[in-house]
Amino acid sequence: MDQIKRMECQVKIKSSADKFFEAYQTKAQLMPKLANQVDRDVKLVEGSGWDSEGSVRQRFFVAGGKLIHTTT
């Protein structure tokens, strides 16, 4: 059964919040480079592109010292 959880973290970034959020939404493949303290890997599981409608991405995060994966 799927679980819905909320994860919060603080990451130092060297860009505006708007640019970071846009990259999070549309350029998921860049997140491990932009926030490698938290976001370790992103894989495109389904779809024709990272920001195409219906695409499925698998993300690997570090939270509480544990590696966690989600599918979005």
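Which residues is Ala-23 in contact with, leaving aside its neighbours within four places in sequence? Before selecting anything, keep in mind that this is a predicted model, and that the protein averages a pLDDT of 77, with 90% of the residues scoring at least 70. If you colour the model by confidence, look for the lowest values in helix 2 (residues 31-34), where the mean is 74, and for the highest in strand 1 (residues 39-46), where the mean is 82.

**Stop one: Ala-23**

Select Ala-23, which you will find in helix 1, and display its surroundings. The answer to the opening question is that, once the neighbours within four places in sequence are set aside, Ala-23 is in contact with Ala-28, Met-31 and Leu-34. Ala-23 is buried because its relative accessible area is 8%, and the cut-off for being buried is under 20%. Now draw a distance from the C-alpha atom of Ala-23 to that of Leu-34, and you should read 9.0 Å between two residues that are 11 residues apart along the chain.

**Stop two: the second largest pocket**

Keep Ala-23 and Leu-34 selected and add Ser-15, Lys-19 and Phe-20, since these five are the residues that lie nearest the centre of the second largest pocket, which is lined by 13 residues. The volume of this pocket is about 170 Å³. Highlight helix 1 (residues 17-26) as well, for it supplies the largest share of the lining, namely 4 residues. If you colour the lining by class, you will see 6 nonpolar, 2 polar and 5 charged residues.

**Stop three: the loop between helix 1 and helix 2**

Move next to Gln-29, which has its place in the loop between helix 1 and helix 2. Gln-29 counts as partly exposed because its relative accessibility is 34%. From the C-alpha atom of Gln-29 to that of Asp-41 the distance is 8.0 Å, while in sequence the two are 12 residues apart.

Then select Leu-30, which is also found in the loop between helix 1 and helix 2. With a relative accessible area of 33%, Leu-30 is partly exposed. A line drawn from the C-alpha atom of Leu-30 to that of Glu-46 spans 17 Å, and these residues are 16 residues apart along the chain.

**Stop four: Ser-55**

Finally, go to Ser-55, whose place is in the loop between strand 1 and strand 2 (56-63). Is Ser-55 buried or exposed? Ser-55 counts as buried, because its relative accessibility is 11%. Show its side chain and follow it to the backbone oxygen of Ser-52, which it reaches at 3.1 Å. Not counting residues up to four places away in sequence, Ser-55 touches Leu-44, Glu-46, Gly-47, Gly-49, Trp-50 and Thr-72, so that Glu-46, the far end of the line you drew from Leu-30, comes into view again here as one of the residues that Ser-55 touches.

Key. Residues are numbered from 1 along each chain as its sequence is written. This is a predicted model: local features need pLDDT of at least 70, side-chain atom pairs count only at pLDDT 80 or more; totals for chains, interfaces and linings use all residues. Side-chain values use heavy atoms; hydrogens and water are left out. On a 1 Å grid over the protein atoms alone, a cavity is a set of points where a 1.4 Å probe fits but cannot get out, and a pocket is an open set with protein on both sides within 12 Å along at least five of seven lines; lining residues have an atom within 4 Å of a point. Grid points are joined across faces, edges and corners, and a volume is the space filled by probe spheres set on the points. Helices (H or I, at least four residues) and strands (E, at least two) are DSSP runs, numbered from the N terminus. Ala, Val, Leu, Ile, Met, Phe, Trp, Tyr, Cys and Pro count as nonpolar, Asp, Glu, Lys and Arg as charged, and the others, Gly among them, as polar. pLDDT is the predictor's confidence in each residue, from 0 to 100. Buried means under 20% relative accessible area, exposed over 50%, partly exposed in between (1.4 Å probe, protein chains only). A polar contact is a pair of N or O atoms within 3.5 Å; within protein, one must be able to donate a hydrogen and the other to accept it, and residues adjacent in sequence count only if both atoms are side-chain atoms. Contact means heavy atoms within 4.5 Å.
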